[in-house]
Amino acid sequence: MKQKERRPGAKTPSGSPGHRRNDERPNRPAKPAAKPAAARETVREAATSPAIERPLQTRTGDRPAERVPVILESLGAGDFHLIDSGNGQKLEQYGPYRIIRPEGQALWQPSLPPHVWEKVDAAFTGDVDEEGTGRWRFPKDALGETWPLHLLGVDFFGRFTSFRHVGVFPEQIVHWAWMKEQVEQAGRPLKVLNLFGYTGVASLVAAAAGAEVTHVDASKKAIGWARENQALGRMEKLPIRWICEDAMKFILREERRGNTYDIILTDPPKFGRGPNGEVWHLFEHLPLMLDICRGILSPKAVGLVLTAYSIRASFYSIHELMRETMRGAGGVVESGELVIREGGLDGKTPGRALSTSLFSRWVPK
Ligand SMILES: C[S@@+](CC[C@H](N)C(=O)[O-])C[C@H]1O[C@@H](n2cnc3c(N)ncnc32)[C@H](O)[C@@H]1O
């Protein structure tokens, strides 16, 4: 479990096509500065500090009802769809670009013929150990680092990152569509907290739907990208607080101050660091993080959504944790997987389901 997650730009065997593990997502888009040995000691202490500040609460009352397994499936949306998959790779459409990326879950053979896979705009190679687009191959024209995309009414940049990602995790569309609907139907401005918010697409979707959003991420670079996305869609006036901080520290402070949220989205990596070296280890800190999230849910909360890309166990691990955490709150906990359905070249021809992650969601009813 303590296995170190790969950092953006770091070269490992798993960086090559066909070796993708399910937990390989950026925990920090910004390249971390190397720390001297003494500083590392301090960092290790920081890893335990949240638990010292606030022990886990003993939750009593009935556990919420349950709905399992729930498979939340996307057949694309807006400018995105999954075209085909196979041979440890996936072929995706992001706006004008057809892109190949490694996909360890695609154990089967592609449905579409090789000439379709050959005529792509970009393919992640992972074979050059450098930042930016250096790890991508552009078989047609050399492409810029970013390009505009549109999803769920929101504009943002696709981006060839050194970590094989493209600035958006499209399987999250199902969570964002659910959240958009809740915000639009609430009849009051909901307060949304987006923890580990990355490039901010979820924050923009929520704000565009009418929510007051607080977006927290430890990476200055990711916050910068999120702000660029906001500017692209001319959404600067929407109420979004962009906060560059350690997620755990932020929620602990919100709890002390009595600030609450109607919807919390949390998508923690397996391992990450806060801006001041605070250490995030999913398996050590998840129970406390969820417990604090419970503590800052408003009395009229609409949902608490946890996505876990890095858990090797079944969805029951986070499902049972969510039910324990939400004891006495009523409602229902539904858990399962996020999958993306292949859509073929036209995006409308359902093919195979590609599994991406586990999730668990508490809702009041
Ligand atoms: C996998 S991304 C989340 C993706 C996002 N939910 C989405 O769908 O667009 C993980 C993010 O967590 C951030 N992160 C890592 N450690 C953190 C910490 N201790 N506190 C806050 N954010 C952190 C990283 O900078 C990164 O942007």
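**Group meeting: the core, helix α4 and the ligand shell**

Good morning. I begin with the largest nonpolar core, which has 87 residues; V205, A206, I251, I264 and C293 are the ones that touch the most other members. The largest share of this core comes from α4, which gives eight residues. Please bear in mind throughout that we are looking at a predicted model.

As general background, nonpolar side chains in soluble globular proteins tend to be buried together. For the protein as a whole, 46% of the 365 residues are buried. The fold contains eight helices and 17 strands. If we take the contacts between residues at least 6 apart in sequence, 67% of them join residues at least 24 apart.

Let me now turn to α4. Why can we describe α4 as largely enclosed by the rest of the structure? The reason is that nine of its nine residues are buried. In sequence order, the buried residues of α4 are V201, A202, S203, L204, V205, A206, A207, A208 and A209. Immediately after the helix comes G210, with a positive phi of about 120°.

Within α4, V205 deserves a second look, as one of the core residues that touch the most other members. Which residues does V205 contact, once its neighbours within four places in sequence are set aside? They are L152, V154, W176, M179 and K180.

Two further core residues from my opening list, I251 and C293, bring us to a pair of helices. Helix α6, residues 247–257, and helix α7, residues 282–295, have axes that come within 9 Å and cross at roughly 35°. From α6, the contact involves M248, I251, L252 and E255, while α7 supplies H285, M289, I292, C293 and G295. By class, the residues of this contact are six nonpolar, two polar and one charged. The crossing of α6 past α7 is left-handed.

Finally, the ligand. There are 27 residues around the ligand, and those that come nearest are F196, Y198, S219, D267 and G272. Which elements give two or more residues to this shell? They are α4 (201–209), β10 (212–217) and β13 (271–273). The shell is made up of 13 nonpolar, seven polar and seven charged residues.

To close, I would draw attention once more to α4. This helix gives the largest share of the largest nonpolar core, and α4 is also among the elements that give two or more residues to the shell around the ligand. Thank you.

Key: Residues numbered from 1 in each chain as written. Predicted model: local features only at pLDDT ≥ 70, side-chain atom pairs only at ≥ 80, totals over all residues. Near = placed C-beta within 6 Å. Helix = DSSP H or I, 4+ residues; strand = E, 2+ residues; numbered from the N terminus. Nonpolar A, V, L, I, M, F, W, Y, C, P; charged D, E, K, R; others polar. Core = buried A, V, L, I, M, F, W, Y, C linked by C-beta atoms within 7 Å. Buried ≥ 20, exposed ≤ 12 C-beta atoms within 10 Å, placed from the backbone. Contact = placed C-beta atoms within 7 Å. Axes fitted to C-alpha atoms, helices over the stretch in contact; angles between N-to-C directions. Left-handed = near helix turned anticlockwise from the far one by under 90°.
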